[in-house]
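Trainee: I would like to take a close look at a single part of this model and to have it explained in one connected account.

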Amino acid sequence: MATTIADDLTPMHHPRTWVGKYVWSQDHKVIAIQYSVTAIAIGLVALVLSVLMRLQLGFPGVFPWIQPENYLQYVSMHGMIMVVYLLTALLLGGFGNYMIPLMIGARDMVFPFVNMLSYWVYLLSVLVLVAGFFVPGGPTGAGWTLYPPQAISEGTPGSQWGIVTMLVSLAIFIVAFTMGGLNYVTTVLQARTRGMTLMRMPLTVWGIFIASIMGLLAFPALFVAAIMMLLDHVAGASFFMPSMMSMGQATDTLGGSPILFQHLFWFFGHPEVYIVALPAFGIVSDLISVHARKNIFGYRMMVWAIVIIGGLSFIVWAHHMYVSGMNPYFGFFFATSTLIIAIPTAIKVYNWLLTLWRGDIHLRVPMLFALAFLFTFIHGGLSGLFLGNVSVDVPLSDTFFVVGHFHMVMGVSPILVIFGAIYHWYPKIAGRMWNQALAQVHFWVTFLGVYAIYLPMHYLGVLGVPRRYYALGETSFIPESAHLANQAISIAAIVVFAAQFLFFYNMIWSLFRGPKAGPNPWGAASLEWQTPDTPPRHGNWGAKLPTVYRWAYDYSVPHAPRDFIPQDEPHPKDTAP
Amino acid sequence: MSQVTKERNETEENAQGWRAIVADWSTDREVFRHTHWGKAMMWIFLLSDTFIFSSFLISYMTMRASATMAWPDTAEVFALTIGGQSIPLILIAIMTFVLISSSGTMALAVNYGYRRNRKVTAALMFATALLGAAFVGMQAFEWTKLIEEGVRPWSNPMGAPQFGASFFMITGFHGLHVTCGVIMLLIVATLVLRGHYDRAGDYSAVEIAGLYWHFVDLVWVFIFAFFYLW
Ligand code: HEM
Ligand SMILES: [Cu+2]
């Protein structure tokens, strides 16, 4: 613990061994890549699970080795991995780690050692999660929401061991996230370079910053819920367990409250939606601004919208519980607060559109993904307005309408931004450009495929097709056409799945064969593109930290020599402070 | 010069009211001026930890409110018979007293740390750690007593089974915090004694350890109020 990292005086220790540089590295860039690779690897597992689910739903009976309990296990693991182990880890642990120090002009996170621990503990949580696939009884099949009593009662798949590994893994993940999150927040607060005021930070940093604060306040509820459920399961406590009949016998439990779990879970669960959305909001703002060569419209408004969304998202959680039997007045309150969030969110959408308005739009791949995000996000946001109202939600609850909604808004939207962001920053991270043609194919298949998958789901939901069902069977209210739609969705899902290999192939190909990228191929103004080396080295800034003179959005400034002015370029009349 | 940036800078300088507050807060480099980052980080961690303890306590309260069996009378359960007389809550009173006193010794340690008084700082920190260890010891005694009386996480001869479960869970989690605190205090105190912070020219670690320690005490006050006095 010496002086702050922003200080130029602190001598840095540059590791000399291979292990110190690449394995137990304390360099935020290496940690970021470790986080990203791990998150994407486990994300692939979730993707494969989704294909298995689609195979079963599209072609019921064709795959006899997918039994009902397997289906439930796929649903649960798919949901949990996607939300927590992929998106949260990739956006905060991956992008947060890589971007924060570079964008604010720091040499590293304030506490690199704890930052490193954060990754290794995260890896442990992933390993425990994966262990769930191999324990007797398999992983939990309780749904990603893990509602008790069913999650830990006999008869639910994985109620023997799978639920234990899941809960333990979540608790470990939260410890890992806390170590990382403390670093991200403190670094933004205390270690910015000279001239980098909060109101000059790129929106990417703002999104990650607020999301990290939210994570530090939301994950505690999940942590407590996990510990209590573990005690219920392992020590026979009755926190969440009422007296009930299970498999024809009265259980030993009595007097617990299952609703309490739902409150704890969603006190985490709803902010979690924004923990993955806010970094995506921030990143997409920067992508749009850079590739439309225009300053972001209403920067201050954008910042405040992020802050307000972050705050409001802590008082809307029970909109996930309209059908739980809670007090109806709660429904009134939570429906109102939910709809209020639409205001700052709509402000953001308008500002993105106004940034594009009359911009010098370059339809490069990162920009395409950013535009695709606008489509899916607006789309998912609109169906969210339906579900936010109690009377509309009650009939739609637990149908495929909900599945379509949340995949649009928090599944696909952040994923599209992540793709855009990887295409955008890869030249800085690896120093090489991608194959543009392959990237275009990847984009179009993914974007159109996403619509082919999720648009019909809304229709299925309105018909009343329930979610988390292994097969529809003979049901009078579900017409034959629903089965056809299910087949079409499944085929689209398989095509989208296959298209992702173009992405991975392109990534690996360009790592070795891609054309060399200059230090700033997109002509971006923010600080991370102004590093002395590409890829940046340990310590990021060479001998001297940069000084910032302006915000990150000086594009197409009249009379300027270039169509962008880097953040560290002084004003002609100013001298250094 | 860019017109836009120039105007922005000017509005920032002439800002008033709310805008001035925002402008102050968002000045360059450090939001909390002259504050060691470690201290800022500890504060943020404590905020997060507050949410953990709040979740525990609020869960316990709703559980207690909705339990189907009678909640045991804590004054009786936590009474000790000393000299043939049953004194309610006596052990908890002593434990609380010990922990609060340890906050006093800790505050003194921080004060001597600022004055660069190596020996006294270290001595006070060791004293704090000792008081903390005493607290954990008494807690172990209390656990043993309850377990001997038949209280388990899954059952409770005195009434609602949630009583035992939440007691072990909440005091256990707090006790774990105290234990970690004792270990941290011992490490920092040893470093103080060895002159590590004199060489680094920075005693912040003492203060940071102190922050954590005061927090753990404060949490205890809430547990004491909500679990034992209610
Ligand atoms: C190609 C991409 C994807 C496909 C084909 C897909 C497909 C599915 C399917 C078929 C279900 C189960 C529906 C049911 O029976 O209830 C499901 C559930 C779910 N998915 Fe996805 N998904 C994809 C990507 C994602 C992503 C990126 C996320 C990230 C948030 C995500 C989050 C979830 C969640 C939270 C559930 C609910 C799990 C539950 O009901 O417990 N999915 N997905
Ligand atoms: Cu929600």
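Which residues coordinate the iron atom of ligand 1, and through which atoms?

Mentor: Bearing in mind that this is a predicted model, the iron atom of ligand 1 is coordinated by A:His78 and A:His407, each through its NE2 atom, at 1.9 to 2.0 Å. The site of this iron atom is octahedral, with angles of 86 to 179° among its six donor atoms. Because A:His78 belongs to helix H3 (residues 68–104) of chain A while A:His407 belongs to helix H12 (residues 400–430) of chain A, the pair ties together parts that are 329 residues apart in sequence. Both A:His78 and A:His407 are buried.

Chain A also holds the donors of the copper ion (ligand 2), which is coordinated by A:His270 through ND1 and by A:His319 and A:His320 through NE2, at 1.7 to 2.0 Å. The spacing of these donor residues in sequence is H-x48-H-H. Of the donors to the copper ion, A:His319 is buried, with a relative accessible area of 13%, whereas A:His320 is partly exposed, with a relative accessible area of 30%.

The record gives a frame for these sites: in an unreviewed entry, UniProt places the feature "domain: Cytochrome oxidase subunit I profile" at residues 18–549 of chain A. Over residues 18–549, chain A is 67% helix and 1% strand, and the end C-alpha atoms of that stretch are 38 Å apart.

Helix H3, which carries A:His78, also leads to a buried acidic residue, since the loop between H3 and helix H4 (112–131) of chain A is the place of A:Asp108. Although A:Asp108 is buried, it has no salt bridge, and the nearest side chain of opposite charge, that of A:Lys29, is 6.3 Å away, which is beyond the 4 Å that a salt bridge allows. The side chain of A:Asp108 does reach the backbone nitrogen of A:His28, at 3.4 Å.

A:Lys29 appears again in the surroundings of a second aspartate, A:Asp27, whose side chain reaches the backbone nitrogen of A:Lys29 at 3.0 Å. A:Asp27 lies in the loop between helix H1 (18–23) and helix H2 (28–58) of chain A, and with a relative accessible area of 8% A:Asp27 counts as buried, because the cut-off for that term is under 20%.

Terms used. Residues numbered from 1 in each chain as written. Chains lettered and ligands numbered in written order. Predicted model: local features only at pLDDT ≥ 70, side-chain atom pairs only at ≥ 80, totals over all residues. Heavy atoms only, no water. Donors = N, O, S within 2.8 Å, 3.2 Å for Na, K, Ca; no water. Tetrahedral: all angles 85-135°; square planar, octahedral: opposite > 155°, others 65-115°. Helix = DSSP H or I, 4+ residues; strand = E, 2+ residues; numbered from the N terminus. Buried < 20%, exposed > 50% of the residue type's maximum accessible area, 1.4 Å probe, protein only. Lys, Arg positive; Asp, Glu negative; His and termini not counted. Polar contact = N/O pair within 3.5 Å; in protein donor to acceptor, adjacent residues only side chain to side chain. UniProt positions renumbered as here; feature names shortened; annotations may be inferred.
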